[in-house]
Amino acid sequence: MNQKPLSLSDPISFVIPGFNCASTILESIESIIDGNWTEGDELIIVNDGSTDNTENVLAEAKKKYPFIKVFNEKENRGCPAARNIGYTHASHEIIFNLYSDDVLVPGSVAKLKEYMISENADIAGFEEYRYFKEEKNGKKKITHRWMCRPGVLSLPDFLAGDINPGPGGNFMFIKQIWKDVGGVWEYGKGMHEAWGFTLKCLMAGAKFVVMPKSFYFHRYGSNSLFVREAEKENEVSLMATKMITPYLDRLEPSDKAYIQSEEGSKNWYSSLDRAPIRLKGEPFGKTGVIVVATDARLKTLVLRKIKIAYPIYRRAKALLSRTKSYVRFIKQFKSFQKSNSRFVMSWKEHRAFLRDADKNFSFDRHYVYHPAWAARVLKETSPQEHVDISSTVHFCSIVSAFIPVKFYDYRKTDIRLSGLSCGEADLLKLPFESNSLQSLSCMHTIEHIGLGRYGDPIDPDGDLKAVAELTRVLAKGGTLLFVVPIGKPKIIFNAHRIYSYDQILTAFKTLTLKEFSLIPEKQSAGGIIKNATKERADQEDYGCGCFWFTKS
């Protein structure tokens with residue numbers, strides 16, 4: 001990492017991102033100022049659109065401590081965005097992030113800074129998370145401890161499990177790192193945002209050290225941001241999959257293939273304790289351990305029923321919530337291996353899918369429903385031939401059984417099926433004559449153009465140029481099936497853009513909208529909503545908009 005030498009006299013920018021934290025943030029603030037504050041430091045608090053009394057609490061805190069800098073955001077954009085806002089305003093090169101419900105030990109930050117500088121590191125964290133609950137008498141009751149491995153946190157160790165300071169997010173780092181890696185990924189409201197930031201830093205070559213014999217207090221509660229986000233089906237692994245995808249080529253081929261598979265994308269992170277992933281050519285790393293209080297073990301069964309934080313009890317020493325299933329799996333493996341005579345079967349290659357017996361079937365709503373929508377439109381239009389630009393190959397391969405399909409992608413595609421031909425094409429310079437294609441689709445693709453994710457050049461207007469090309473090549477009287485993420489407009493770099501309904505209609509203003517269908521983000525909202533309204537689309541954060549255009 002490129003940075004100037006640091007000294008012990010360098011001040012610290014403390015940053016606290018917070019949402020609806022009126023009952024806890026004062027204790028977090030006091031833990032910085034009372035015992036960890038040095039002349040020249042600054043404290044930046046980002047109130048991420050709280051709807052409780054947080055803003056008033058911070059106003060009172062600022063009266064007591066006028067030097068506090070408070071940024072009250074009107075909209076709740078999520079913890080990743082709040083962190084980026086705070087770091088942008090940080091004046092100093094050394095930043096310490098503290099969440100609004102966690103508490104520092106007096107004198108711990110100065111020691112951490114000294115340790116980071118002495119180790120010539122870019123990031124430094126504490127050895128222990130001490131999870132606590134507040135008792136009625138005000139004392140902290142420790143429920144369990146995450147015991148991280150002290151010393152250098154290597155990339156193999158980070159990928160071996162989540163018992164390290166990275167996922168916790170309460171650590172010190174150099175601001176230049178945050179700049180170099182492009183900030184914190186703003187995926188969702190906050191699931192894995194600290195883990196993802198650590199991943200980016202380590203992949204970029206940052207040195208992360210864990211200070212021995214150090215700890216902080218990590219508040220334990222059923223209404224934490226992580227727990228709320230984890231309630232979304234398979235979100236624990238799916239969100240991590242988004243973050244590790246740019247680095248898949250650095251993993252062992254078998255781990256890369258597993259994560260890219262439908263089953264693996266939903267399970268790999270949640271299964272790290274049993275099946276850690278590995279860097280190409282590197283041995284398996286080692287993660288830390290959890291020490292669970294006796295009374296906490298007794299409560300495990302109850303906590304399991306209300307879906308309390310999976311990472312905590314997944315790694316817990318007793319693993320009470322999953323032991324029964326795993327023991328049954330081992331017995332089944334041995335029984336099957338004993339009676340199997342036709343296949344090679346090795347314990348080293350096992351994958352314990354313990355959740356697939358659940359009655360609820362899970363799937364990616366965007367990528368199941370939007371090809372289904374498009375296939376139904378093509379059944380209605382029944383074209384002589386259909387051309388697709390970079391949509392899902394599953395869609396093209398199935399439709400080609402009934403309608404001849406020509407599939408084009410920025411990357412070379414080698415799929416050999418009757419009725420399907422594949423070629424390479426740049427959406428910014430399509431190899432077709434103007435007004436030449438009667439039936440055309442481009443689905444869940446435009447949002448990526450110009451972000452560099454697939455090796456294409458960086459271009460902020462790449463999507464608009466691609467839209468112009470689609471409009472150009474579409475024949476008069478022709479049909480264009482166009483799909484993008486829909487909701488509140490934003491860019492999740494370098495994954496995708498999310499568009500508003502109005503943005504799409506403006507981009508295709510020379511075409512006529514024949515149908516707009518919406519795939520809502522939440523399963524409870526139903527499947528495909530045909531002829532959805534603009535107002536309904538604007539309610540989404542990450543819905544899927546299906547536009548059927550024609551050219552007159």
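A cavity, as the word is used here, is a set of grid points where a 1.4 Å probe fits but cannot get out. With that in mind, note that the model on your screen is predicted, and that it holds three cavities of 30 Å³ or more.

Begin with the largest cavity, which has a volume of about 60 Å³. To find it, select Y258, S271, R274 and A275 together with H350, R351, A352 and F353, the residues that line this cavity. Colouring them by character will show a lining of four nonpolar, two polar and two charged residues.

Next, turn to the open sheet of seven strands, whose pairing is mixed and whose order is 13-12-11-14-15-19-18. Select residues 420-424 for strand 13 and 512-519 for strand 18; these two stand at the edges, and each has a single partner strand, so one side of each is left without a neighbour in the sheet. Looking across the sheet, you can follow a twist that averages 15° from one strand to the next.

At the strand 13 edge, add residues 405-409, which form strand 12; the two strands run parallel and are joined by five bridges. One residue pair to pick out here is V405 and its bridge partner in strand 13, L420.

Finally, bring in the helices that lie across the sheet strands. Select residues 365-381 for helix 17, which lies across strands 11, 14, 15, 18 and 19 and runs at about 20° to strand 19 (543-550). Then select residues 462-473 for helix 19, which lies across strands 11, 14 and 15 and runs at about 155° to strand 15.

Conventions. Residues are numbered from 1 along each chain as its sequence is written. This is a predicted model: local features need pLDDT of at least 70, side-chain atom pairs count only at pLDDT 80 or more; totals for chains, interfaces and linings use all residues. Side-chain values use heavy atoms; hydrogens and water are left out. On a 1 Å grid over the protein atoms alone, a cavity is a set of points where a 1.4 Å probe fits but cannot get out, and a pocket is an open set with protein on both sides within 12 Å along at least five of seven lines; lining residues have an atom within 4 Å of a point. Grid points are joined across faces, edges and corners, and a volume is the space filled by probe spheres set on the points. Ala, Val, Leu, Ile, Met, Phe, Trp, Tyr, Cys and Pro count as nonpolar, Asp, Glu, Lys and Arg as charged, and the others, Gly among them, as polar. Two strands pair if DSSP finds at least two bridges between them. Helices (H or I, at least four residues) and strands (E, at least two) are DSSP runs, numbered from the N terminus. Axes are lines fitted to C-alpha atoms, for helices over the stretch in contact, and angles run from 0 to 180 degrees between N-to-C directions. Contact means heavy atoms within 4.5 Å.
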